[in-house]
Amino acid sequence: MADAHPLVRLETFALIAVGGFAGSNLRFFAMGLIPDVPSIVLVNAVGSAVLAFLVYEADYANRLTARTRLVFTTGVLSSLTTYSTFALQTALAARPLALGGIVAANYGLGLAGVLVGRLLARRLGVPRPTGGETT
């Protein structure tokens with residue numbers, strides 16, 4: 001896609017921007033429904049699962065276009081998930097147990113999300129020999 005026509009690249013940038021708008025607003029919405037730390041754990045875990053699904057979907061089924069995956073991974077999910085807020089919440093944790101819980105929950109549930117996303121993608125098809133995408 002690097003050598004695509006400038007208007008196609010502009011359209012992709014616009015789609016990523018719309019996805020970013022959606023992802024950041026979904027995170028803001030989640031933070032309004034439940035307290036800050038659990039909401040960030042939730043969006044990071046869900047984002048990890050969806051990202052894994054999209055990446056592994058390229059390996060197993062390849063039903064989505066590369067551009068669709070790009071819009072969702074770079075647009076929606078990069079704005080939905082947040083390493084910076086996770087890091088800040090960890091640094092501001094008043095008790096060592098809270099600090100450990102925040103780290104364990106984000107990494108543990110994030111990894112679990114990746115495994116769930118991969119499992120769901122595997123149900124769509126069989127691995128392709130090309131190795132898929134890493135976006």
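**Note on the predicted five-helix model**

1. Immediately after helix α2, residue N62 adopts a positive phi of about 55°. The model under discussion is predicted, and the phi value of N62 is accordingly a property of the predicted coordinates.

2. Confidence should be considered before any detail. The protein chain has an average pLDDT of 90, and 91% of its residues reach at least 70. Within the chain, α1 has the lowest confidence, with a mean of 92, while helix α5 (residues 96–122) has the highest, at 95. Where pLDDT is low, the predicted coordinates should not be read in detail.

3. As to overall architecture, the protein chain contains five helices and zero strands. Read from the N terminus, the order of elements is α-α-α-α-α. The C-alpha trace spans about 50 × 35 × 25 Å along its principal axes. The chain comprises 135 residues, of which 33% count as buried.

4. The UniProt record, an unreviewed entry, assigns the feature "transmembrane region" to residues 12–34, 40–58, 70–92 and 98–121. Two of these spans may be set against the model. Residues 40–58 are 100% helix and 0% strand, with their end C-alpha atoms 27 Å apart. Residues 98–121 are likewise 100% helix and 0% strand, and here the end C-alpha atoms lie 34 Å apart.

5. Helix α2 merits a separate remark on its length. It has 25 residues, and the distance from its first C-alpha to its last is 35 Å. This is close to the 36 Å expected at 1.5 Å a residue.

6. How many salt bridges does a search of the whole structure find? The search finds two. Side chains of opposite charge can pair when their charged atoms come close.

7. One salt bridge joins the side chains of R67 and E11, with an N to O distance of 2.6 Å. R67 belongs to helix α3 (residues 66–80) and E11 to helix α1; the two residues are 56 residues apart, and the pair thus links distant parts of the chain. R67 counts as partly exposed because its relative accessibility is 25%. E11 is also partly exposed, because its relative accessible area is 40%.

8. The side chains of E57 and R69 form a salt bridge as well, at 3.0 Å from N to O. Because E57 lies in helix α2 and R69 in helix α3, this pair ties together parts that are twelve residues apart in sequence. Are E57 and R69 buried or exposed? E57 has a relative accessible area of 1% and is therefore buried. R69, with a relative accessible area of 2%, is buried too; the cut-off for this class is under 20%.

9. The surface carries a nonpolar patch of about 530 Å², formed by F29, L33, I34, L42, V46 and V50. Elements contributing two or more residues to the patch are α1 (6–33) and α2 (36–60). Which element gives the most? That element is α2, with three residues. V50, a member of the patch, is located in helix α2. Its relative accessibility is 34%, so V50 counts as partly exposed.

10. Helix α2 recurs in several of these points. It gives the most residues to the nonpolar patch, it holds E57 of the salt bridge with R69, and N62 with its positive phi comes just after it.

Technical notes: Residues numbered from 1 in each chain as written. Predicted model: local features only at pLDDT ≥ 70, side-chain atom pairs only at ≥ 80, totals over all residues. Heavy atoms only, no water. Patch = residues over 30% accessible without salt bridge, like charges linked within 9 Å, V, L, I, M, F, W, Y side chains within 5 Å. Areas by Shrake-Rupley, 256 points an atom, 1.4 Å probe, with all protein chains shown as cover. Salt bridge = Lys/Arg side-chain N within 4 Å of Asp/Glu carboxyl O. Helix = DSSP H or I, 4+ residues; strand = E, 2+ residues; numbered from the N terminus. Buried < 20%, exposed > 50% of the residue type's maximum accessible area, 1.4 Å probe, protein only. pLDDT = per-residue confidence, 0-100. UniProt positions renumbered as here; feature names shortened; annotations may be inferred. Expected span 1.5 Å × (residues − 1).
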